[in-house]
Amino acid sequence: MFRAALLDRVLGHFGLSLHDWAGAVYVLRDRKGSSAVVQDIGAVWSEAERLLGRRLDPLDASLVAELSR
Amino acid sequence: MKTPVVLVTGFLGSGKTTLISRLLEHPGMGETAVIVNELGEIGIDHHLLRRVDERTVLLASGCVCCVLRGDLADELRDLLDRRDAGEVPHFGRVVVETTGVADPTPVVMTLLSDPVVRNHYELESVVATIDGVHGLRGPESVKQAAVADRLVITKADIADPAGRAGLERQLARLNPTAEARLSAFGEVELDWLFDGAARDPHDLERGHDAGPGEDTHDVSSCVLFLDQVDWTAFGLWLTMLLQARGQDILRIKGFLNVGGDGPVLVNCVQHAVHPPVHLDEWPDEDMRSRLVFIGRDLDAERLRASLSAFDHAARPVRS
């Protein structure tokens, strides 16, 4: 799914990955093995913030540079 | 068909009740229900409306933006039930008057997110009355003007012309998406006030980027112009932006070129996102995406670079 693939790329910049689970929900994982179930993509940013313990800013210069490649 | 709701906001004494009172005298406003919110224990404004019938509901003893949000949703549902049961005269529009100190954003959020309310009502527009004599007064007043679709500058009969002109310029800088009109004694053209096109962000050329100022409590505005933008990339970018910076972004409004025959109308009031409207055609020959941002700590170039990067990233993913 296009949206999930794009989302995974953005989240990847922050060390997170998004996995589709049986087409029903998504599982968000960090590199330390922590995970969170995300019921819909609209809730992914707040869950990602909770996992990382910080804000994910789309204006982050390194993210913008990464996505512009 | 959903019943349109018009939210009337404006600072204490800026002329909200006078405006609504005058509107209700208009023949075209006959089938209108009014919900009045007042802070005091004893509501007064609804008596001033001079038409206290079953379609005029008072939400007293609290502010609709904080303690009474549930009450507003309840009243809207109750009005529907009573209309359907024939217990109140038919109404085809609801006007909600907030208190003078209300932040309109939570009210907008209630209208857009309560499941029953959003299925039966449609937020038509947010109208802010601005005191033509005293201008913007405090951060509440600035926020009310920032989220409005229509600005009614009141007391035109007694306002000093020079000060009034300055206020008009200030409002155009603060909220380039909202058209402003002068009004005396609540007189305003109904067609203009309730024109659906109130939500169309025309005339953005007058909305050049405006820096923060003391008079606007550090709220500024900027306009982003882009070419075609991938709709999915925009949706992700917008939700991420509002999650990260929603407290600082008071308003986003504009047209997006997503490659169709017409643009998509985008309208957000802080975290509250109106359902996107896909228009059949462009209102003029300019087919660029254009988005107005109103808020604090806005950097137009960073916003543009970020959205462009998301759009760029969408291309290899999509192909």
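# Notebook: a predicted two-chain model

**Entry 1, the sheet of chain A.** I began with helix α2 (residues 44-52) of chain A, which lies across β1, β2 and β3 of chain A and runs at about 25° to β2(A). I note at the outset that this is a predicted model, and I read every entry below with that in mind. Turning to the strands under α2(A), I found an open sheet of 3 strands in the order β1-β2-β3, with antiparallel pairing. The edge strands are β1 (16-21) and β3 (35-38) of chain A, each of which pairs on one side only, and the twist averages 25° from one strand to the next. I reminded myself that strands of a sheet pair through backbone hydrogen bonds, either parallel or antiparallel. I then followed one pairing in detail: β2 (residues 25-30) of chain A and β3(A) pair in the antiparallel sense over 4 bridges, and A:Tyr26 stands opposite A:Val38 in β3(A).

**Entry 2, where the chains meet.** How many residues does the contact take from each chain? I found 20 residues from chain B and 18 residues from chain A. On the side of chain B that touches chain A, α9 and α10 (300-318) of chain B each supply at least two residues, and α10(B) gives the most, with 11 residues. When I sorted this side of chain B by class, I had 13 nonpolar, 5 polar and 2 charged residues.

**Entry 3, the two domains of chain B.** The domain assignment of chain B gives domain 1 (3-199) and domain 2 (214-318), and the contact between them takes 18 residues from domain 1 and 18 residues from domain 2. On the side of domain 1 that touches domain 2, the elements giving two or more residues are α4 (104-113), α6 (138-146) and α7 (161-174) of chain B. By class, I listed this side of domain 1 as 11 nonpolar, 4 polar and 3 charged residues.

I stayed with α4(B) to ask why it is largely enclosed by the rest of the structure. The reason is that 8 of the 10 residues of α4(B) are buried, and among them I noted B:Pro104, B:Val107, B:Thr110 and B:Leu112.

**Entry 4, the core.** I looked next for the largest nonpolar core, which has 95 residues, and the residues with the most contacts inside it are B:Ala145 and B:Phe293. Helix α9 (residues 231-245) of chain B gives the largest share of this core, 7 residues. Where does this core lie with respect to the domains of chain B? Both domain 1 (3-199) and domain 2 (214-318) of chain B give residues to this core, so it lies between them.

Looking around B:Ala145, and not counting residues up to four places away in sequence, I found that it touches B:Ala128, B:Ile130, B:Leu136, B:Leu151, B:Leu171, B:Leu174 and B:Asn175.

**Entry 5, one arginine in a loop.** I finished with B:Arg288, which lies in the loop between β12 (277-278) and β13 (289-295) of chain B. Is B:Arg288 buried or partly exposed? I counted B:Arg288 as partly exposed, because it has 16 C-beta neighbours inside 10 Å, whereas a buried residue needs 20 or more. Leaving aside its neighbours within four places in sequence, B:Arg288 is in contact with B:Phe225, B:Leu226, B:Asp227 and B:Asn257. I also looked up how B:Arg288 stands to B:Arg93: they are 195 residues apart in sequence and, C-alpha to C-alpha, 34 Å apart in space.

Note on methods: Residues numbered from 1 in each chain as written. Chains lettered and ligands numbered in written order. Predicted model: local features only at pLDDT ≥ 70, side-chain atom pairs only at ≥ 80, totals over all residues. Core = buried A, V, L, I, M, F, W, Y, C linked by C-beta atoms within 7 Å. Buried ≥ 20, exposed ≤ 12 C-beta atoms within 10 Å, placed from the backbone. Domains from an automatic or database assignment. Contact = placed C-beta atoms within 7 Å. Pairing = 2+ DSSP bridges. Axes fitted to C-alpha atoms, helices over the stretch in contact; angles between N-to-C directions. Nonpolar A, V, L, I, M, F, W, Y, C, P; charged D, E, K, R; others polar.
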